[in-house]
Amino acid sequence: MRKLLLGSVAAGLMLVAGLAQAQETKTIAVSIPAADHGWTGGVVYHAQEQAKRLEQRYPGLKVIVKTSPDGASQANALQDLTTQGIDALVTLPHNSDELTDPIRQVKEKGVFITVVDRALTDNSVADLYVAGNNPALGRVAGEYIKEKLNGKGNVVVIRGLPIVIDEERNKGFDEGIAGSEIKVLDRQFGNWSRDDAFKVMQDYLAKFPQIDAVWTQDDDMAVGVLEAISQAKREDIQFVIAGAGMKDMIKKVMDGDKMIPVDILYPPAMVAVAMDLTAAGLYDHLPVRGNYILDATLVTKENAKDFYYPDSPF
Amino acid sequence: MTDTTATKSAARRSLGDIDLRAVAPFVALAFLLVLGALVNPNFLGVDNLLNVLTRSAFIAIIAVGATFVISAGGLDLSVGAMSAFVAGVMILFMNTGVIGGDIAMLAVAMLLAVGVGALCGLANGAITTVGRIEPFIVTLGTMGIFRALTIYLAEGGSIAMKAPDLRAAYRPIYFGSVFGVPIPILVILAVALIGAFLLYRTAFGRHVIAVGSNEDVARYSGIPVNRVRTLTYVIQGVCVAIAVLVYVPRLGAATPTTGLLWELQAITAVVIGGTALKGGVGRIWGTICGALILEVVGNIMVLSNFVSEYLIGAVQGAIIIIAMLVQRSLVRKR
């Protein structure tokens with residue numbers, strides 16, 4: 001009898017809980033580029049990890065993570081996700097021009113829109129915008145190099161691809177070294193690829209007899225640069241400044257590697273921040289609308305452990 | 001005006017009858033070397049030239065395989081993705097550490113890589129010939145498959161060699177040298193010599209050219225067309241694997257950008273070298289020269305001071321076209 005009573009009470013409680021949960025059943029869709037290079041690989045990893053954590057934290061929440069290889073298929077994926085009935089969309093668009101309208105259509109269905117990293121051409125579409133700080137990524141690198149070289153020296157720059165992000169970083173870098181006698185010997189594109197950066201660095205080493213520092217803005221490219229320098233056995237290069245927050249480079253900073261004294265953060269984990277804020281907005285009714293710009297934090301030996309994700313693929 | 005290497009006897013091709021088209025790529029390369037020297041005196045430095053030669057190894061080796069495929073009338077667009085895939089499999093195998101002893105491990109890993117490359121090539125060849133599908137479509141498909149498999153194996157990141165000792169033991173294959181000649185250059189020479197022997201001095205080589213010139217005639221002549229075609233893809237796969245053997249020790253990792261657009265570079269090298277894209281003509285040494293030209297053009301661009309970094313692609317394209325025009329004008333003069 002007592003057992004039965006307890007049982008029915010338990011069942012009742014479960015029913016109530018179930019009802020409460022049913023009321024709070026919500027779906028967040030996450031649409032991001034497929035892992036086509038190291039950084040987007042990190043984005044995918046952090047999105048999936050955060051999806052698991054959020055589903056634990058908010059019972060009833062469903063998080064769908066969908067990756068797309070290009071802009072057109074991302075537009076299709078957005079439609080498919082919307083027809084499933086979603087409450088919020090967190091998206092890192094392949095490119096702004098192509099995806100602004102598809103995202104606007106999602107918004108018209110009453111969905112909360114969070115845009116990550118690449119801003120849309122129409123700022124009114126995004127309810128929340130989470131991004132790293134590209135100009136600051138360049139500026140922090142420039143300022144660090146200026147300080148370390150005491151305002152005087154020869155620097156070579158390896159750029160990424162000719163897109164807005166790269167342009168902003170380079171402008172920031174120029175601001176960072178402004179007013180010093182730092183001379184930028186050359187700027188060439190390394191296409192955010194280790195192999196291309198290796199080639200460009202080999203050619204720089206053949207072209208310039210004396211180089212004090214290298215700025216590559218990207219950790220993947222730094223791998224190729226370091227290999228080219230060690231092959232040439234050149235002693236004049238004091239250090240290489242990269243950025244993003246790849247675990248191998250953060251590890252080097254942590255271990256006090258002389259060639260990689262610091263790293264500058266442009267973390268793929270920003271997608272997780274965006275998901276977290278979006279969920280907080282949905283469930284805790286916190287005011288999260290607006291712009292959330294992450295710092296281009298200078299990762300030094302002291303704070304490196306805070307940014308080290310040994311399990312991440314990036 | 002197709003070159004009828006298949007029917008001409010080898011003896012008639014020697015002396016006095018040297019085909020200007022075979023020499024033309026080398027003239028173009030010489031022209032580029034002069035240009036490079038004018039652009040920057042450092043260009044002719046031994047270090048720089050050795051760097052460039054060494055770097056051209058991947059494309060040169062892959063392009064030797066592509067010479068077989070293309071002269072047999074086929075096409076392989078999957079070589080770049082295949083390189084990444086083979087490199088990924090090889091590194092993952094080395095990371096398992098199942099075999100003790102660095103040298104033994106490396107030897108087995110290299111054999112594995114060559115095996116995987118050959119199998120990938122066999123898949124391309126078999127689907128093309130048995131399935132009777134255009135090689136363009138088949139290899140476009142396998143390109144996507146190999147690329148996706150690599151990204152899957154890498155879980156979206158990169159696949160890096162974990163054991164530092166093994167990495168140190170393997171490193172000399174790219175960075176080491178024998179009597180001052182970097183090992184990758186020796187590998188290019190070895191692959192080209194074997195390729196040239198196969199193409200010019202064996203029955204199989206003559207079959208390749210015959211199949212590329214005219215498939216029906218080849219079939220009526222009793223040449224096993226499908227087998228020859230398939231074998232050219234297997235050779236391509238093995239060449240890709242050999243290129244990977246040299247590639248992996250350089251940066252010790254396969255990344256999503258590994259091998260990106262290598263297929264186009266390999267095809268360009270083959271065509272610059274004088275092999276006809278429609279098949280029936282194959283020039284191994286021209287192909288090697290084509291690969292060098294591509295790498296030299298890139299090198300000159302970085303060493304020069306007067307080309308804006310935004311315009312490099314345009315200038316590179318123009319130089320390649322001019323080099324081809326120089327070749328053509330040489331042929332016409334004849």
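In chain A of this predicted model, start with two strands: β1 (residues 26–33) and β2 (residues 61–68) run parallel and pair over eight bridges. Put helix α2 (residues 38–57) of chain A together with β1(A) and β2(A), and you get a right-handed β-α-β unit. From there, we can look at a salt bridge inside a helix and then at where chains A and B meet.

**Inside chain A**

- If you want a spot to get your bearings in the strand pair, try A:K26, which sits opposite A:L61 in β2(A).
- Over in helix α4 (residues 96–108) of chain A, you'll find both A:R104 and A:D101, three residues apart, or about one turn of the helix.
- The side chains of A:R104 and A:D101 join up in a salt bridge, with 3.1 Å from N to O.
- Counting over all chains, the tally is 25 salt bridges.

**How much of B and A touches**

- Chain B brings 34 residues to the contact, and chain A brings 29 residues.
- Together the two chains bury about 2,600 Å², and carbon and sulfur atoms supply 48% of that area.
- On the chain B side, B:L251, B:V302 and B:E309 lose the most area to chain A, together making up 23% of what that side buries.

**Links across the interface**

- Five salt bridges cross between chain B and chain A.
- To see a salt bridge between the chains, look at B:R250 and A:D195, whose closest N and O atoms are 2.9 Å apart.
- There are also 19 residue pairs in polar contact across this interface, with both residues at pLDDT 80 or more.

**What chain B's side is made of**

- Four helices of chain B are the elements giving two or more residues to the side that touches chain A: α2 (46–55), α8 (172–175), α12 (225–251) and α14 (284–303).
- Of these, α14(B) gives the largest share, six residues.
- Sorted by class, the side of chain B that touches chain A has 13 nonpolar, 14 polar and seven charged residues.

Definitions and conventions
Residues numbered from 1 in each chain as written. Chains lettered and ligands numbered in written order. Predicted model: local features only at pLDDT ≥ 70, side-chain atom pairs only at ≥ 80, totals over all residues. Heavy atoms only, no water. Contact = heavy atoms within 4.5 Å. Buried area = accessible area lost by both parts, 1.4 Å probe. Salt bridge = Lys/Arg side-chain N within 4 Å of Asp/Glu carboxyl O. Polar contact = N/O pair within 3.5 Å; in protein donor to acceptor, adjacent residues only side chain to side chain. Nonpolar A, V, L, I, M, F, W, Y, C, P; charged D, E, K, R; others polar. Pairing = 2+ DSSP bridges. Right-handed = clockwise from strand over helix to strand, strands pointing away.
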